[in-house]
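This briefing covers two topics: the pairing of strands within one chain, and the contact between two chains. Please consult the sequence and the structure shown here while reading.

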Amino acid sequence: MINESGRIISNLKIASNIWRLDIQLPQIVAKRPHPGQFVELLIDRSFAKPLRRPMSIAGYTADVLSIIYKTFGEATRILTTKIAGDFIDVIGPLGNYFELIEDDYSTPVLIAGGVGIPPILWLHQELNRQKQKHFLIIGARTKAEHFITPDNENTLLTTDDGSLGIKGTVIPVLKKIISNVVGTRIFACGPEPMLKSIQKIALATKQPAQLSIESHMACGVGLCQGCVIKRRNYQETEHSYQVKYVLVCSDGPVFKAGEIDFD
Amino acid sequence: MTNLTIKIGQTVFKNPVFVASGTFGYGTEINDLTDISALGAIITKSITLHPREGNPPPRTIETLGGMINSIGLANMGVDNYIRDMLPLYHQFPTKIIVNIAGSTMEEYLQVLKKFESVSSNITGYEINISCPNVKEGGMAFGVNADFTARLTEQLRSLTQRLLIVKLSPNVTDITQIGKAAQRAGADAVSAINTLVGMSIDSTTRKSNIYTTYGGLSGPAIKPVALACVHKLFLKLKIPVIGIGGITNVSDAIEFALAGAVAFQVGTANFRDPDIGRKIVYELDDYCTQNNLKYSDLKGQVIRYQ
C-alpha cells in the first residue's frame, strides 16, 4: 500500500447524487489495482471529520485513478467541492479483489446497486476486454440514479419505480438468469440487504458467488480492528481470535458467499 | 535529535513521541506507510491471558472531531503473542511497550509473568486498567484506587522493567488513582484512556455502537486530557505520559507545558499512520529553533493564578 498526494484531474456529477472523481496517482496506479480493491481518501483537512473514507476504485488509465461516489453525508458533500488542480491525500490500493478464474463452464453474472456499482462496472469492462460473455445487472431506486447505457442485450438495468429498464429489484432478474443459464458465477457489490438476498440465492442454487462488503472503517489498513463481519461457519471455542470475526478491510472486502454471515 | 531525549524511570527514549495502544497494531503491520524507527516507542494493542474475538459490530463510529470505538480488546492472547510476535522484535528499530489487560487481577499477573519468563527485548509494560468496553475488569479496576494500588504492587514485585499504569478519565478525581499507582511503585502513569461516549443515528433511531457505549477519542477529548495531565503533574512525583487528541507539534508542546514528559499519538494514526514520524521531525525543528530541549517545557504553562 502507498500513501500518495494526488492532483485532481476532474470531479463531475454524472447522475443524481453520483459523482466521478479522477485523480492523478502514479504510484498507486503502478501497483496495478484490481476490481474490488479500494482506497482511503482524506477528505476533510480539518479534524472535524478526522477519519478517511473508503471508496471503491472504479478503474484507471495511465496514471489516473477513477472513483465513482455517491453523495451521502457531510464528508462526500465536502468531496464534491474539490476541483481540478486540488490535491487529495490517498492510501491504496487496499483489500483483496474479485477473482476471475479462467473457466469455460460457467457464465459470470455481475450485480451491483448503489455505491457498489463502480467496482462491478470495472469488472464488466475487464470481461468485455477479455471477450468473455457475461451478464451485468444494475439496480437503482429510480432512472435519475442510473449513469450507464447498456452496451448489449446482456446488460440489464432495474429501477424500483419502473422509470427505467425492468421494474423491481435485481433479485428476480438474477433468479431468472440462474434458471435459464447452465452454470453461473456471481460477482456482487452493493447494499447489505441486496447482498444478503444474493447470498441466499447463491447458496440455495449452489452457484459460486463473490460478494464485496461495505463497512464502517476507522483506518482501512487493519490497525483498528473496527470493520469486522461474522464468519458463516466457525467452530466456536471459549477463547478464540479471528475465528468468529474477519476484518472487512484486510481479509476482504470480497468474500465468498459461504464465508460470511450478515445476521 | 538530542533535544528530544527523555527519561522515564531508568529508561532513556530517543524522543517523547509514542504511539498509543490499539492504534498501531503490534507495530509490525504498516512499515509500508511510515518509518517506525523514528518513533520513541510503540505501545502494543492490549494483550490478555486468553485470545479474544472482541465485540460484535458495529465497533466504530466517527463523531465530531473524534470517534467512538468499542473493539472489546480483540487480541491473539499472550501465548500466541509470545510465540509469534516477540521474535519479530529482535533488533527492532524502536522500543516496544506491551499493553496488558485482564478481567481479574490474577489474569494481569499471569500475563506479566509469562512475559517475564521468556527472553525478549521489550522495554516495559503499560497496564490497561481503563478500558471502557469490556464487562469485567478494565475500567471497573481503574476507577478504584485501592484495586489500582494492589494490582500495581503485585505487578511491581514481578518485574524490573518499566511499569506504566494507564488511567481512565471516567473518575471523580484522576489524581487519587494516579497517587495509588505511584504509591505502589509504578514508574509512570499515562493519561488519558477514552471517555465513555454514545452515538445515535436519528434516522434509524439505532445506536451506532453495538455495545451502546464506547470510548471517545481524538481531538474532541484533548482539553479533557490536558486538564488530567496537568492535575496529575501537580500531584505526582512520577512522570506523566500524555494521551488524547494529539495530531501535530503544537499539541505535543501543549502536553509538555501541561506537565507531560512524553506523549502518545492515538486516533490520528488511523488518519495518517505516518503522523508520529512527522511530529518527531517538527518537534526537533521547534526545539532547535527555540534552543531548548523538549523536557525544558515540562509543566511550564503560564497560568493566571
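In chain A of this predicted model, strand β3 (residues 38–42) and β7(A) run antiparallel and are joined by 4 bridges. A second antiparallel partner of β7(A) is strand β1 (residues 2–15) of chain A, with 6 bridges between the two. Chain A also meets chain B, and the two bury about 3000 Å² between them.

**Strand β7 and its partners in chain A**

- Within the pairing of β3 with β7(A), A:Glu40 has A:Ile91 of β7(A) as its bridge partner.
- On the side of β1, A:Ile2 stands opposite A:Gly92 in β7(A).
- Strand β7 (residues 87–94) of chain A is largely enclosed by the rest of the structure, because 7 of its 8 residues are buried.

**Extent of the interface between chains A and B**

- The contact involves 31 residues of chain A and 36 residues of chain B.
- Of the area buried between the two chains, 61% lies on carbon and sulfur atoms.
- A:Phe47, A:Leu223 and A:Tyr241 supply 25% of the area that chain A buries against chain B, more than any other three residues.

**Polar and charged features of the interface**

- Between chain A and chain B, 17 residue pairs are in polar contact, counting pairs with both residues at pLDDT 80 or more.
- On the side of chain A that touches chain B, the residues comprise 17 nonpolar, 8 polar and 6 charged.
- The interface contains 2 salt bridges.
- One of these salt bridges links A:Arg53 with B:Glu62, whose closest N and O atoms are 2.5 Å apart.

Key
Residues are numbered from 1 along each chain as its sequence is written. Chains are lettered from A and ligands numbered from 1 in the order in which they are written. This is a predicted model: local features need pLDDT of at least 70, side-chain atom pairs count only at pLDDT 80 or more; totals for chains, interfaces and linings use all residues. Side-chain values use heavy atoms; hydrogens and water are left out. Contact means heavy atoms within 4.5 Å. Buried area is the accessible area (1.4 Å probe) that two parts lose on being put together, summed over both. A salt bridge is a side-chain nitrogen of Lys or Arg within 4 Å of a carboxyl oxygen of Asp or Glu. A polar contact is a pair of N or O atoms within 3.5 Å; within protein, one must be able to donate a hydrogen and the other to accept it, and residues adjacent in sequence count only if both atoms are side-chain atoms. Ala, Val, Leu, Ile, Met, Phe, Trp, Tyr, Cys and Pro count as nonpolar, Asp, Glu, Lys and Arg as charged, and the others, Gly among them, as polar. Buried means under 20% relative accessible area, exposed over 50%, partly exposed in between (1.4 Å probe, protein chains only). Two strands pair if DSSP finds at least two bridges between them.
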